[in-house]
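Trainee: Could you take me closely through the surroundings of the ligand, after a brief word on the chain as a whole?

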Amino acid sequence: MGREEDDKAERETDCVVPWMRTPVDVSNVENWALETLPCLNPKLKKALEKMGISSLFPVQVAVWHETIGPGGFERDLCVNSPTGSGKTLSYALPIVQSLASRAVRCLRALVVLPTRDLALQVKEVFDAIAPAVGLTVGSAVGQSSIAGEISQLIKTPKLDAGICYDPEDISQNLESAVDILVATPGRLMDHINNTKGFTLEHLRYLVVDETDRLLREAYQSWLPTVLKLTQTSDNGLFPSSSPFVPSTFGSLQTVRRQSVERGFKGKPYPRLAKMVLSATLTKDPSKLIQLDLHHPLFMTTGESRYRLPEKLECLRLICETELKPVYLVALLKSWEGEKSIIFTSSVESTRRLCKLLNFFGDSKIRAKEYSGGLNQSVRSKELKAFRKGDIQVLVASDALTRGMDVKGVTNVINYDMPPFAKTFIHRAGRTARAGQAGKCYTILSDHEVRRFSKLLKKVGSGSCPIYSIPPATFDAVRATYEPALEKLQESVESEAPRKRRQALKHNPRTGNYKTKRSKTTSEQA
Ligand SMILES: Nc1ncnc2c1ncn2[C@@H]1O[C@H](COP(=O)(O)OP(=O)(O)OP(=O)(O)O)[C@@H](O)[C@H]1O
């Protein structure tokens, strides 16, 4: 199902699955200082402190209660929490704490994410805490060759020189070299299908991050395959190891049996515990059913469907379509090098707009592009430079919309209006993360104003005042616009003959520098 159909289906889904009608409201939960967090492994506490973390955010506290706390991983968790609220650590910490007592290394936790950059970002979070308790984290994202990845994921037995071994024997003695795997669906399926010794039979935890996006990713039926390979015969009938846990969990306490741990000495096999998360979690029963959730618990923030980060300020600029670039440059100039992300509607627009910005010849505006039109290694390089602060402006397609966490991004600009409420939420959510302040500007043409107001209602944004550029700044930028545009035209004409045929046309209706052939962006773009 495409994204448009996806959005339509969600609009039509008024009937919510029964378990979603009684959620845990995370907005009632407070931050919790590490010192007072019940049951936290002291080694993990140290690792968190090393990361600069002194307390857990509300969603992390709520998930902790349902996993390490009284909930004891008994229910599958469906987490709908705003962008930047700390969902990654909300699952990473309980998984690592729970596996800290494992005796034998097996692949016990699998985290699936839609893109490589996102998966590597999540791996970094696991890498910051898992080694503290002796756990190893691997990735299957296609960053290195498949052989390189296999050598990191699978441990081959030590062979004595001079002895001839039966290859069958060797493959039977292959072991997992990692406890936790962070993967994208494509590479995961490659390993499932082809890598000797790669098995999900010991898996205890499955995390599907950016769930609504991943449920659209049917790549080789990765989800049904994973679920099939992890099915246990006990069907969730697991005995309790201790009937109750201490009552240190305050208002959220529920009296539940402790869960049990698979493959741990003297304990029987439990079911696979699943955690699915997003800032825009689907409520569509036909999608949720694919996850085969066990007695799911819905955790959400507030009553509205979507929620923007608390310290996000939304602003709009309304202008004539052909003057959009002038407004954009005027904004960027006024920020003097603040980290900013500009979102466009397509790969082609991203490329053209990035070129145009650099042709304005303002040394303070050094822009790079990030889109699916670029080779993955170039994309990752630009992202790294942006993270380091070597460049301040990233012009991006919706490939950067979800999940990417770059510290210090103070502004997001929708150069092209986001097509859906969900897109707005994820784009805007690249700023105002982790309780920080941030601003999201949307540049609109007159004919987009009404549609944008409707979109704002959906995302629950209270206000979105009009932002005005000071006339003097506007005039100064406008004077440099024509020369920049000419340079862009020359650059496009000097491109390869095939591309030359798509000669640059400034579309006055959309304000984009695109040709008929430029494709609409998707989150894969
Ligand atoms: N307890 C904490 N204390 C301080 N900073 C934290 C804490 N937990 C997470 N962070 C920081 O908050 C930022 C956002 O976290 P994270 O990327 O997990 O958000 P998210 O909810 O997954 O967002 P998105 O929906 O956009 O993917 C990160 O920079 C992370 O380091």
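Trainee: What does the accessible surface of the protein chain come to, and what percentage of it belongs to carbon and sulfur atoms?

Mentor: This is a predicted model, in which local features need pLDDT of at least 70 and side-chain atom pairs count only at pLDDT 80 or more, while totals for chains, interfaces and linings use all residues. Residues are numbered from 1 along each chain as its sequence is written, and side-chain values use heavy atoms, with hydrogens and water left out. The accessible surface of the protein chain is about 23400 Å², 51% of it belonging to carbon and sulfur atoms, as computed by the Shrake-Rupley method with a 1.4 Å probe. Turning to the ligand, 19 residues surround it, each having a heavy atom within 4 Å of it, and the closest are S55, Q60, K87, T88 and D405. A ligand oxygen atom lies 2.8 Å from a polar backbone atom of G84; side-chain N or O atoms also approach ligand oxygen, at 2.7 Å for T88 and at 2.6 Å for D405. Taken alone the ligand exposes 640 Å², of which the protein buries 86%. Two or more residues of the shell come from each of β3 (55-56) and α4 (87-99), these elements being DSSP runs of at least two residues for strands (E) and at least four for helices (H or I), numbered from the N terminus. By residue class, the shell holds 5 nonpolar, 8 polar and 6 charged residues, with Gly counted as polar. Domain 1 (9-158 + 169-233 + 244-300) and domain 2 (312-506) each give the shell at least three residues, the bounds coming from an automatic or database domain assignment.

Terms used. Polar contact = N/O pair within 3.5 Å; in protein donor to acceptor, adjacent residues only side chain to side chain.
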